[in-house]
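Here is a short round of questions on a predicted model. Have the structure open as you read.

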Amino acid sequence: MNTNERYLHLLSRSYPNIASAAIEVINLEAILNLPKGTEHFLADIHGEHEAFIHVLKNASGNIKRKVNEIFGSTIRESEKKELCTLIYYPEQKLELVKDAEEDLDDWYRITIHQLVRVCREVSSKYTRSKVRKSLPQDFNYIIEELLHERGEDQDKAAYVAVVVDTIISTGRADAFIIAICNVIHRLAIDQLHILGDIYDRGPGAHIIMDTLMNYHAWDIQWGNHDMLWMGAAAGNNACICNVLRLSLRYANLATLEEGYGINLLPLATFALEAYADDPCTEFMPKILGNTDSMDEHTKLLTAKMHKAISVIQFKEEARIFHRRPEWQMEDRCLLENIDFTDETCVVDGVKHTMKSCLFPTVDPQNPSAMTPEEEDVMQKLHHSFRVSEKLRKHINTILSHGCMYNICNQNLLYHASVPLNDDGTLKEVDILGKSYSGLELMKYIGQLVRSAFERDTPKEKRTYAIDYFLYLWCGPDSPLFDKSKMATFERYFLTDKETHLEEKGNYFKLRDSEEVCDRILDAFGVKGDNRHIINGHVPVHAGSGENPIKAGGKLMVIDGGFSEPYHKETGIAGYTLVYHSRGFQLVQHEPFTSARDAIMRGTDIKSTTQIVEMSTHRMLVRDTDRGHELREQITELKDLLYAYRHGIIKEKQK
C-alpha cells in the first residue's frame with residue numbers, strides 16, 4: 001500500500017462513504033465562495049487595557065459603521081449612539097437603562113429587533129455552521145432562528161414577534177441582550193493579529209492577557225517588551241530588573257503587584273536603607289494621568305526603589321555581558337567606566353560629566369560586584385517571578401499563540417525589524433557560533449526562546465537561551481531592538497545629551513525602499529502581487545506629518561502610540577489596520593478617555609479611516625491561505641470519491 005492509499009484509508013474514517021465525502025466537497029466549495037473574514041492588526045498596546053478592550057468591542061469603528069449603514073436616518077443619531085454603547089458594554093449599559101426607562105418592555109422589544117439586525121449583518125459573510133459555533137449555549141437555537149427569519153416576511157412576522165415577547169415575558173431579556181452583543185463582538189473580527197508589545201508603561205497588561213486567553217482567534221508576533229517579561233519569567237535577573245525599573249519609572253505597579261503578585265517589599269526596604277540620604281532626583285517617576293495621584297512620600301519611595309533596581313540592573317547586565325563576550329557588549333558595563341574622584345564617566349572613549357555620582361552600593365575597585373544586601377533582594381525577586389502562577393500561564397499563552405514572525409494572506413508580520421547590512425542585504429547574525437539571517441534568523445530565535453522554557457533542553461544551551469533574552473531586549477543585531485545601544489545609563493546619569501542618542505539600525509534607515517522590502521519578502525517566501533510587510537515598534541509621528549504607509553504601500557507601520565506617554569510625541573493614540581474582503585483600511589485613533597465615560601456618556605474612540613489599498617474584486621475565502629488549505633482538502637476528498645467509485649477503498653456504513 002503506497003503513502004497516498006494509506007492516507008485515503010485514514011481519510012475514509014472521517015468520510016466513510018460516497019455520500020459523506022460528496023457532502024463535504026459541496027460544503028467546502030461553498031465556503032470558498034464566501035467573502036474573506038475581517039482581520040484586525042494591532043501593535044504596541046503597552047498595557048493600555050481600556051483602550052485595547054474598547055477597540056475589540058467596537059471593532060475599530062466597524063460596528064458603528066454597520067449601525068449607520070443599517071439604520072441610516074430611520075433612527076436619531078442619539079439612538080444610534082446609545083445602541084453602539086449597549087453593544088460595547090451590555091452589562092453596564094443595561095443597568096443604566098433600567099434606572100431610566102419608563103416602559104422597559106417596549107425598550108427591550110425595540111432593542112432586541114435592532115440587535116438582531118446588526119448581528120445578521122456581521123454574520124452574513126460566514127457559514128451557518130461557523131455562526132452556530134459562536135452562539136452561546138443558552139440562546140443558540142433562538143438567536144439562529146431570529147437571524148434567519150426576517151420580520152418583513154408577513155408569514156413569519158407573528159412568529160418572530162412571539163419569540164421576542166417570550167424572551168421578555170420569561171425575564172430573559174437582559175441575558176439575551178448580553179449574549180447577542182457578545183456574538184456581534186465575536187463575528188465582527190474574524191482574526192486578531194497582535195504585532196507585539198502587550199507589556200510595560202500602561203497599568204493593565206495582565207488584563208489584556210486575561211482578555212486574550214478567552215478570545216476566539218488571535219496570534220502574536222513577540223515584541224521587545226514581551227520578550228523582557230518572558231525573560232523575567234524564565235529567570236533572567238537582568239530582565240527582572242528591567243521589568244521592575246520600567247514599572248517604577250512610570251509609577252505603574254498594578255501589573256506587578258495586583259496582576260502577578262510580585263512582592264516588592266524586600267526592594268522597598270532595601271532602597272529606604274541603602275539610599276536613605278539620596279534625593280534620587282533623576283529617578284522621580286513619570287506619573288501619567290492624574291498628577292495628584294501620588295503623595296510626596298510615595299514619590300520619594302518610588303524614586304529610591306527605581307534607583308536601587310537600576311543600579312542592580314547595571315550589575316546584573318554586566319555579569320551577562322562579561323559571560324558572553326561574543327556579543328561585543330562589554331562596553332555597556334558603564335559602572336566600570338566611572339571616575340568617582342572627578343565624577344565623570346567614559347563612553348565611547350570620551351569623558352563625560354555626570355549629573356550625580358551617589359552610588360552607596362558600588363565599590364569603585366569592583367563596580368559591577370553586588371553587595372550581599374543586593375544579592376538577597378535579587379534572590380527574593382527572582383523567586384517571586386518564578387513562582388507566579390498567573391505570570392507563567394500568561395507567558396505560556398504568548399508562547400503557544402506566537403513567534404517572531406507570521407505570514408498570513410500574503411502579509412509578513414513581525415514586531416520591529418529584520419537586521420540589514422548597509423547596502424540593504426540581509427545581515428548575518430552569529431548565535432552560538434553559527435550565522436543566521438532573515439527567515440532562518442527569525443526561526444532560530446523562536447526555537448531558542450522556547451528552549452529556555454523546556455526542561456529537557458541541555459543545561460548549557462538552556463543557560464544561553466535564558467541569557468539571550470537580554471540580547472533580544474537591547475542587543476544591536478536583535479530583530480526586536482536593532483539600534484546601536486540602549487542608552488539607559490546615559491539618560492539617568494550623563495549631562496551630555498549627545499550620549500543619549502540611540503542610532504537606529506539599517507532596517508529603519510532603508511525601510512522606505514521598495515527594493516529592500518521586496519528583498520525581505522522574497523527571503524521569507526511571501527508571494528503574490530499584493531504582498532506587504534506589517535510591523536510596529538517605532539511610533540509613527542502622525543502629528544508632524546509622518547506617513548505610516550511606506551515603500552510604495554509595501555510596508556505598513558501601525559505603532560501610532562497606544563501608550564499615554566507617546567500621545568504628545570505622536571499626536572494620536574494608536575492605529576488599527578483592518579483587512580476585510582474589499583481591501584485594507586488604516587484606522588487612526590484619538591486618545592480614549594475611559595470605559596466609564598463610554599458607558600455613562602456614550603463616548604467612543606474618535607477614529608479616522610484611511611483607505612490604504614482596495615481590491616479590484618471582493619476577496620473571497622478562496623483567495624486566502626485558508627482557501628488554499630480548503631482546495632487541497634477538496635482535491636483529497638475527490639481522490640477518495642474516485643477510490644470509492646473504483647473499488648480501491650470499500651464504503652462503510654456510518
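Q: Which strands does helix α24 lie across, and at about what angle does it run to β12?
A: Start with the helix, residues 514-523. It lies across β9 (411-414), β12 and β14. Its direction relative to β12 is about 90°.

Q: What is the strand order in the open sheet of five strands?
A: The pairing in this sheet is mixed. β8 (405-408) and β13 (549-550) each have a single partner strand, so they stand at the edges with one side lacking a neighbour in the sheet. The order is β8-β9-β12-β14-β13.

Q: Which residue in β14 is the bridge partner of Ile533?
A: Strands β12 (residues 532-535) and β14 (residues 555-557) run parallel. Three bridges join them. The partner of Ile533 is Leu555.

Q: How many residues of helix α13 are buried?
A: Buried here means under 20% relative accessible area. The helix spans residues 224-234 and is mostly covered. Among its buried residues are Asp226, Trp229 and Met230. The count is eleven of eleven.

Q: Which residue with positive phi follows α13?
A: Helix α13 covers residues 224-234. The residue after it has a phi near 105°. That residue is Gly235.

Q: Which helix gives the largest share of the lining of the largest cavity?
A: The search of the whole structure finds one cavity of 30 Å³ or more. The largest cavity holds about 50 Å³ of space. Its lining has seven nonpolar, one polar and two charged residues. Four lining residues come from one helix, residues 296-323: α17.

How values were computed. Residues are numbered from 1 along each chain as its sequence is written. This is a predicted model: local features need pLDDT of at least 70, side-chain atom pairs count only at pLDDT 80 or more; totals for chains, interfaces and linings use all residues. Side-chain values use heavy atoms; hydrogens and water are left out. Two strands pair if DSSP finds at least two bridges between them. Helices (H or I, at least four residues) and strands (E, at least two) are DSSP runs, numbered from the N terminus. Contact means heavy atoms within 4.5 Å. Axes are lines fitted to C-alpha atoms, for helices over the stretch in contact, and angles run from 0 to 180 degrees between N-to-C directions. Buried means under 20% relative accessible area, exposed over 50%, partly exposed in between (1.4 Å probe, protein chains only). On a 1 Å grid over the protein atoms alone, a cavity is a set of points where a 1.4 Å probe fits but cannot get out, and a pocket is an open set with protein on both sides within 12 Å along at least five of seven lines; lining residues have an atom within 4 Å of a point. Grid points are joined across faces, edges and corners, and a volume is the space filled by probe spheres set on the points. Ala, Val, Leu, Ile, Met, Phe, Trp, Tyr, Cys and Pro count as nonpolar, Asp, Glu, Lys and Arg as charged, and the others, Gly among them, as polar.
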